[in-house]
Amino acid sequence: MRRFAALLAGVIAFGHVWACSCTTIPVRSEDARAAGNVFVFRLLSAQVKGGREPGSEFQVRGKIQILANVRGTTTAREVDYWMHQCCGIRMEVGKDYIGFLSADAGQFAANAGNVLPVWGTFGREDADLLEAVLRGKKEVDEAFSYGVQEIMQVRPPPPPCPH
């Protein structure tokens with residue numbers, strides 16, 4: 001009974017505790033190898049979708065440019081993603097990414113399970129690492145350790161500018 005009372009007092013004293021439970025896991029090697037469409041793209045612009053429903057301030061639609069089709073041919077020109085600290089991802093305009101989709105789509109929902117950021121711009125070294133992953137010679141987290149960690153680092157937006 002004392003333990004329960006101590007737990008209850010702790011919950012009351014510290015207020016609400018925010019917890020996240022995400023179902024999306026970072027890109028796995030087997031998923032990368034199974035993807036029907038593997039492509040490199042650059043995020044050209046991003047804009048909060050907005051809306052009246054709760055959470056819409058964290059939904060983003062971006063325009064993309066396909067830089068290379070590695071497997072399959074994608075027609076994607078837009079990407080939607082969630083930029084919340086709980087289960088969101090971090091994408092930056094002007095940055096290159098690798099997309100892994102099961103099928104082609106003109107627009108897709110990006111998450112940590114189907115997109116990897118590239119350090120700098122996509123070049124020969126990244127192409128060789130991606131080929132090694134797709135051929136089973138390297139694991140994703142070994143070849144793109146930066147990307148696996150970076151995509152999950154969602155920072156809160158900066159405060160509004162003073163008037």
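**A walk across the sheet**

Start with strand S2 (residues 59–71) and strand S3 (residues 78–82): five bridges join them, and they run antiparallel. Strands here are DSSP runs (E, at least two residues), numbered from the N terminus. Two strands pair if DSSP finds at least two bridges between them.

This is a predicted model, in which local features need pLDDT of at least 70 and side-chain atom pairs count only at pLDDT 80 or more, while totals for chains, interfaces and linings use all residues. Residues are numbered from 1 along each chain as its sequence is written, and side-chain values use heavy atoms, with hydrogens and water left out.

**Along the strands**

Select Lys63. Opposite stands Glu78, in S3.

Now add S1. S1 and S2 run antiparallel, joined by 10 bridges. For one rung, pick Val48: the bridge partner in S2 is Val60.

Go on to S4. Strand S1 (residues 37–48) pairs with strand S4 (residues 96–101) over six bridges, again in the antiparallel sense. Show Phe41 and Tyr97, bridge partners across S1 and S4.

Zoom out to the whole sheet. Six strands make an open sheet with mixed pairing, in the order S5-S3-S2-S1-S4-S6. Colour the edges: strand S5 (107–109) and strand S6 (115–117) each pair on one side only. Neighbouring strands are turned by 35° against each other on average, direction ignored; the axes are lines fitted to C-alpha atoms, and angles run from 0 to 180 degrees between N-to-C directions.

**Into the cores**

Which residues touch the most other members of the largest nonpolar core? Select Phe41, Ile64, Met91, Phe108 and Ala110, out of 18 residues. S1, S2, S3 and S4 each supply at least two residues of this core. Apart from it lies another core, of 17 residues, including Ala35, Val38, Val40 and Ile98. A nonpolar core is a set of buried Ala, Val, Leu, Ile, Met, Phe, Trp, Tyr and Cys residues joined through side-chain atoms within 4.5 Å. Buried means under 20% relative accessible area (1.4 Å probe, protein chains only).

Centre on Ile64. Beyond residues up to four places away in sequence, Ile64 touches Phe41, Arg42, Leu43, Leu44, Ala76, Arg77, Glu78, Val79 and Phe108. Contact means heavy atoms within 4.5 Å.

**Last stop: Leu101**

Leu101 sits in strand S4. Is Leu101 buried or exposed? Leu101 counts as buried because its relative accessibility is 9%. With the same sequence exclusion (residues up to four places away), its contacts are Ala35, Gly36, Asn37, Phe39, Phe108 and Asn114. Finish with a distance: Leu101 and Phe39 lie 8.7 Å apart, C-alpha to C-alpha, and 62 residues apart in sequence.

Methods
Helix = DSSP H or I, 4+ residues; strand = E, 2+ residues; numbered from the N terminus. Buried < 20%, exposed > 50% of the residue type's maximum accessible area, 1.4 Å probe, protein only.
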